[in-house]
Amino acid sequence: MTISRRAFLTAAAASSALALLPSGPVDAAAASPASALPVRVPAEAARGRRLTNLAHLRFLLAEVPVAASATHTTFGIESDPRVRAPWTYADTDGAGGYRPVGGGTRDAATGYWTQGAYNADDIARAAVVFLRDWKATGDAQSRDEARDVLRSLAFLQTVSGPNAGRVVLWQQEDGTLTPSAIPVELPDPSDSAESYWLARTVWAFGEGYAAFAAEDAAFAAFLLERLHLCLDALGRESLGRAGQFVRSDGRDLPAWLIAGGADATAEAMLGLAAAAEVGDRRSRDALATYGEAVAAMATDPRGGWPFGAVLPWTGSLGFWHAWGAAAPEALGRAGTLLRRRDWSRASVADAGTFTPQLLASGGPHNAWAPLPAEAQIAYGAHGRVAGALAAAAAGGGEGLRVIAGLAAGWFFGANTAGRPVYDAATGVTFDGVETDGRINRNSGAESTIHGLLTMLLLDANRDVAALATSITGLSSFSGLRVLEAETARLSAGCVVERPAGGAWTGEGNLSAGAFVRVPAGETVEFDVTEAGGILHGLIWRQAADAGDAVWEVFRGRKRLWSTRTPAGGTGDRGLTEADGMLVPQRLGGDLPGEAVVVRCTSRGDVRLDALVIQPAVATAVYATTSGSAVLYAEGTGRDQRVAALASGSGRAYEADGSQRGQAVGGGKVRVRGGGFSVTR
């Protein structure tokens, strides 16, 4: 079960990565140190066996009794009043097994969970797993499970009244729906507005219709009817706002994203693309409309958010999260289907520019808000793999398939624990990895589902699987380095401030929960020892004009270069939760290959959070079954030659994944400007 964005932001502000993991409290058995975990090297790919194992997902499936009413019914309910749905969570029992768990706490008298036993998000995504497994293998059991899970999802959809087409999120074991859960989800009641679970329902119904169209005409027609009912509901909200814009810190952003998110909208686009591919015109039209909105959330590293991803949320210009980051996958697929090269380019840019930098920063952290932090979960890891493969299929080069293989290595040991988190022998995917290497060994529906969606991709792309399963650990990485302003040299008039409300500003997290207020004429000095790199100033900019920050780089007494960045002037906050924004500002020059002092002088009212150093060439070193693999990701836009971190050969790639010859020569690695190289 994916937590809501509001719940995610609350947890992120508390800086508790374990709180973000998608299951209940983490006990000593669940959050065990890496050394206590068994090592399973998945040799299935090498032996030609499938990595996909549905055993644990099938263990999570429960039979649910359902009764028709004026507002909730499903296909064939008269003759078959039972459906199947996955339990939301599964906690380890400490003895190698699992016990299913619902959301919230359980009332001993009624047996009801304060949220529910099952939820629409996981039901929808489980249906996608069974559908894709059936289409890949022809397995009749997966087909039947897909049918029953889709019937379960359809029962959660409201079919009459003012909320027709929307979806109730939670359901109890006896089939009773929970429109208003504790803690409160928004919207409340859960079928009173469009939502993430409505978007995922579109995903499942679209893929279900496409899969059953040639198999069962009656069931396919039912799914198409329900998909169109979803579109009716979306037409009353996001689709009805097509072409309108909202203001977000002085910038116009599309108003027709589902629940304000490119994340939710991208998942709906996957279902719309599937239905459009088998001829549904209405899905094709909706796909075209939503694709315009998601593509408008793409960023250019030369201005705005400097790392090149498609941002997920209109509520912040400096916030990216890994969970639900399906935008490159959706844009790649829709771009190919609708012949929109601009969408395909946005997909390729996200996969080829941002993903290498993300991997070199330690992997798919839950949030860059705006700096990478928090735990890593299967949901985020899957999105990077799927996005890179979709971008490659949409016109990107072979290098993106290599990036997909490195990203998929997360499941086999390329994480902060250095241990596999997917077990091909059982189908278990652990619920997450903490930044300090602890593993949450619970295995709920969401983790299981996104682990399996990744394995289905690897089984369909054996070259990518061979690379991914050869990875046994992440030996080192050199991503962003943060120098906190409050620990730098401060002139007498500077004041360190720690907001009473914590690190969360309403749009991002203050690094270390503090900033330095730098009045006019005051200075902050940082000692920088990196040999080369890119500087970013992290200022909590204000909405009104607040003057400038003057940045100077000195080697000894010699000033090498200087630049200015605004401390305010973001403009009308619009729909955002607070005035101003927290977005790294790329400074004008790069670092020389020796120690320097970076001075920030206020020419107004500067709220300085940190100085961020991005290596000119960021790296990640992977341990593999046959030595090392090294990723080199270039950030300056200029060709580089750097010392090889391990012996071997490799290839250089442009940012779009196209090959540009051998990377290694004379002990040096050649990295294309803005691109990446991979050596083995």
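Trainee: How much area does the chain expose, and what share of it do carbon and sulfur atoms supply?
Mentor: The model is a predicted one, and the values are computed from it. The chain exposes about 22,900 Å², and the share of this area that carbon and sulfur atoms supply is 50%.

Trainee: Which radius of gyration does the chain have, and why does that agree with a compact globule?
Mentor: The C-alpha atoms fill a box of roughly 85 × 55 × 50 Å along the principal axes. For 680 residues, a compact globule would have a radius of gyration near 26 Å, so the chain agrees with that expectation at 25 Å.

Trainee: What percentage of the contacts with a separation of 6 or more links residues 24 or more positions apart, and what percentage of the residues is buried?
Mentor: The secondary structure comes to 14 helices and 38 strands. Among contacts with a separation of 6 or more, residues 24 or more positions apart account for 72%. Of the 680 residues, the part that counts as buried is 62%.

Trainee: Are the residues of strand β4 buried or exposed, and which residue of β5 is the bridge partner of Thr92?
Mentor: In strand β4, residues 89-92, Tyr89 and Asp91 point one way while Ala90 and Thr92 point the other way, yet all are buried. This strand pairs with β5, residues 98-101, in the antiparallel sense over 4 bridges. In the hairpin that the two strands form, 5 residues lie between them, and Gly94 takes a positive phi near 80°. The bridge partner of Thr92 in β5 is Tyr98.

Trainee: In what order do the 3 strands of the open sheet lie, and which strands are its edges?
Mentor: The sheet has antiparallel pairing and the order β6-β7-β8. Strand β7, residues 170-171, is joined to β8 by 2 bridges, and Gln171 has Leu177 of β8 as its bridge partner. The strands that pair on one side only, and are therefore the edges under the pairing rule of at least two bridges, are β6 (118-119) and β8 (177-178).

Trainee: Why does Val202 count as buried, and which residues is Val202 in contact with beyond its neighbours within four places in sequence?
Mentor: Val202 lies in helix α5, residues 196-212, and counts as buried because its relative accessibility is 1%, where the cut-off is under 20%. From Tyr89, Val202 is 113 residues apart in sequence and 23 Å apart in space, C-alpha to C-alpha. Leaving aside neighbours within four places in sequence, the contacts of Val202 are Leu227, Cys230, Leu234, Ala268, Gly271 and Leu272.

Key:
Residues numbered from 1 in each chain as written. Predicted model: local features only at pLDDT ≥ 70, side-chain atom pairs only at ≥ 80, totals over all residues. Heavy atoms only, no water. Rg over C-alpha atoms; globule rule 2.2 N^0.38 Å. Buried < 20%, exposed > 50% of the residue type's maximum accessible area, 1.4 Å probe, protein only. Contact = heavy atoms within 4.5 Å. Areas by Shrake-Rupley, 256 points an atom, 1.4 Å probe, with all protein chains shown as cover.
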